[in-house]
Amino acid sequence: MYWQKSELYTAIRHNDPKIRNFYDTYGVVVIKNFLNKQDFKDILKEYDEQYRTRAGKVTPAKMLINRLGFSGPKQYGFKAIAKAILRRDAMRFLPDFVDSSEKFCNFFFEEERLKVYRYFGGDDFLYLGSDGSHFITTSFPWHRDWYTQMPIMKFNFYFNPLPFLGGRFMVIPGTNFPDDSYSQLVQKSMSWPMQNKFPGGLSENGFLPPIVNPRRGKIDAIKQNILTWIGLQNPMADVPHMSIKLNKGDLIIFDQRLLHCVESTFPKFSRRLLTMLLSKNAFSFSDEHYTLKRGHTRESLMREVVDLVVSERNHINCPAYGDAMYQHPFSKSKNFIRIDEKPKTETDGKRIYDTGSFELPDGKRFTSVLDNEHYANIGAKYREQIGEHQKTSSDTLAQAYSYENFHLGVNAQNVKKISNV
Ligand SMILES: O=C(O)CCC(=O)C(=O)O
Ligand SMILES: [Fe+2]
């Protein structure tokens, strides 16, 4: 699943669909050295700059320079500097990431990059948004991001300049087809999109035996492997998956419906991720597209995507896009989803988005307005079915998912009750 950047651009030039076909089937590709050394350096610089200005983070080195009197009035004590060095801050998340930065917009919406989005997503692909995240070693248990009928592509760029052990990106191919029984059976071993009760995320609901937890500490994992190897311990069950090692400058593109999880690392450090979400456009699908063959309509497929994007802004409580986006020509293109809020007079002055729209190939617009009741009902039902795990989780690394019924409904709408008995 690894391709060099030059191989990808050759495929694009010759309109050769093979790399895309691999992606559409297995849900993942890696483009090696997608960012060359200079790009990596420049983007990492802007990445940290965004975190400094938006999350208010000052690096320990800068604090020390300041403390020693080399950068204006002294603002930091040695205690604060020691704390910053030892800081093991929890995951920090910045929404509207690429679109808040002029430099990012100029890089990520530049023709060379657009060619790649068009290759994988078609000319009418849609930009759904972008986040920055800092994860201390690992992040979430086995999970999907969303479970849409539409293939939504996630472009992950990691900015980890130093070498480390572990940290491989793990995926379970085949789980990217929600209408398939295989994918729905795998789903039975999860609580997602609700909180997992047991470590790893695949030992839920009494469906499977205990499954290896990729988020256990790397040293722990090595110890257990040795004990197994010398026969002092039975190997623990695991599920079929691919483990993907990513190096500096590599780009991983994956279908966000795929079950995925990132292993813990050694040493522990703050992994820096920049991610972008792009959707294909059902209005450009051929009549033979597998989603349409399954009976979905172009409208229903795109309604799901647009509603998700609109609901996500409310869920996170972030603006539709960062300001830099509106200064960039990309925001005037057919690849851009306009997100509108309800009139503030109807919402007690609160910002609530309820409408998303984009330009159709024939020049008309596709518009979807959120149907609150519809999704809230799905969410309430799902909550009842899975049971509230938040307070009983034995997974010490579990992230708190706090979906209200509405957003839970958006996420869980394609989880089907099926049985293998
Ligand atoms: O890098 C990570 O730990 C998070 C990956 C992930 O779950 C995602 O990007 O959706
Ligand atoms: Fe994820």
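## A walk through the model

User: Let's start with a loop: between which two helices is N15 found?

Analyst: Happy to help, and note that we are looking at a predicted model. N15 has a positive phi of about 55° although it is not a glycine. Following the chain around this residue, you will see that N15 is in the loop between α1 (5-13) and α2 (18-26).

User: Is N15 buried or exposed?

Analyst: We can settle this by counting neighbours. A residue with 12 or fewer other C-beta atoms within 10 Å is called exposed. N15 has 7 C-beta neighbours inside 10 Å, so N15 counts as exposed.

User: Which loop holds N33, and is N33 buried, exposed or partly exposed?

Analyst: N33 also has a positive phi, about 50°, although it is not a glycine. Its place is the loop between β2 (28-32) and α3 (37-55). Because 16 other C-beta atoms lie within 10 Å of its own, N33 is partly exposed.

User: Which residue is joined to W192 by a cis peptide bond?

Analyst: As background, most peptide bonds are trans. Here omega is about 5°, and the bond is cis. The partner sits in the loop between α8 (181-187) and α9 (218-229). The residue joined to W192 is P193.

User: What is omega for the peptide bond from F266 to P267?

Analyst: To find the place, look for P267 in the loop between β11 (265-266) and β12. The peptide bond from F266 to P267 is cis, with omega near -5°.

User: Which elements give two or more residues to the shell around ligand 1?

Analyst: Start with the shell itself: ligand 1 is surrounded by F135, S139, F140, D145, K154, N156, H260, V262, L273 and T275. By class, these comprise 4 nonpolar, 4 polar and 2 charged residues. The elements giving two or more residues are β5 (152-158), β10 (259-262) and β12 (270-279).

User: Which helix gives the most residues to the largest nonpolar core?

Analyst: In soluble globular proteins, nonpolar side chains tend to be buried together. In this model the largest nonpolar core has 79 residues, and L128, I253 and L278 have the most contacts inside it. With 7 residues, the helix that gives the most to this core is α11 (residues 298-316).

User: What does L128 contact, leaving aside its neighbours within four places in sequence?

Analyst: L128 is a good residue to click on, as one of those with the most contacts inside the largest nonpolar core. Leaving aside neighbours within four places in sequence, its contacts are I152, L277, L278, S279, V309 and I337.

User: At roughly what angle do the axes of α11 and α14 cross?

Analyst: Two packed helices are described by the angle between their axes and the distance between the axes. The axes of α11 and α14 (residues 405-412) come within 10 Å and cross at roughly 145°.

User: Which residues make the contact of α11 with α14, and how do they divide by class?

Analyst: From α11 come D307, L308, S311 and H315, while α14 brings F406, H407 and V410. The residues of this contact divide into 3 nonpolar, 3 polar and 1 charged.

User: Is E304 buried or exposed?

Analyst: E304 is found in helix α11, and E304 touches T148, Q149 and M150, not counting residues up to four places away in sequence. The cut-off for buried is 20 or more other C-beta atoms within 10 Å. E304 has 23 of them, so E304 is buried.

User: How far apart in space are E304 and Y147?

Analyst: Along the chain, E304 and Y147 are 157 residues apart. In space, C-alpha to C-alpha, their separation is 9.9 Å.

User: And how far apart in space are R294 and V306?

Analyst: R294 lies in the loop between α10 (290-293) and α11, where it counts as exposed because it has 12 C-beta neighbours inside 10 Å. R294 and V306 are 12 residues apart in sequence. From C-alpha to C-alpha, the distance between R294 and V306 is 20 Å.

User: Which residues does P361 contact, leaving aside its neighbours within four places in sequence?

Analyst: P361 is in the loop between β14 (353-359) and β15 (365-369). With 11 C-beta neighbours inside 10 Å, P361 counts as exposed. Leaving aside neighbours within four places in sequence, P361 is in contact with D124, F283 and S284.

Terms used: Residues numbered from 1 in each chain as written. Chains lettered and ligands numbered in written order. Predicted model: local features only at pLDDT ≥ 70, side-chain atom pairs only at ≥ 80, totals over all residues. Near = placed C-beta within 6 Å. Helix = DSSP H or I, 4+ residues; strand = E, 2+ residues; numbered from the N terminus. Nonpolar A, V, L, I, M, F, W, Y, C, P; charged D, E, K, R; others polar. Core = buried A, V, L, I, M, F, W, Y, C linked by C-beta atoms within 7 Å. Contact = placed C-beta atoms within 7 Å. Axes fitted to C-alpha atoms, helices over the stretch in contact; angles between N-to-C directions.
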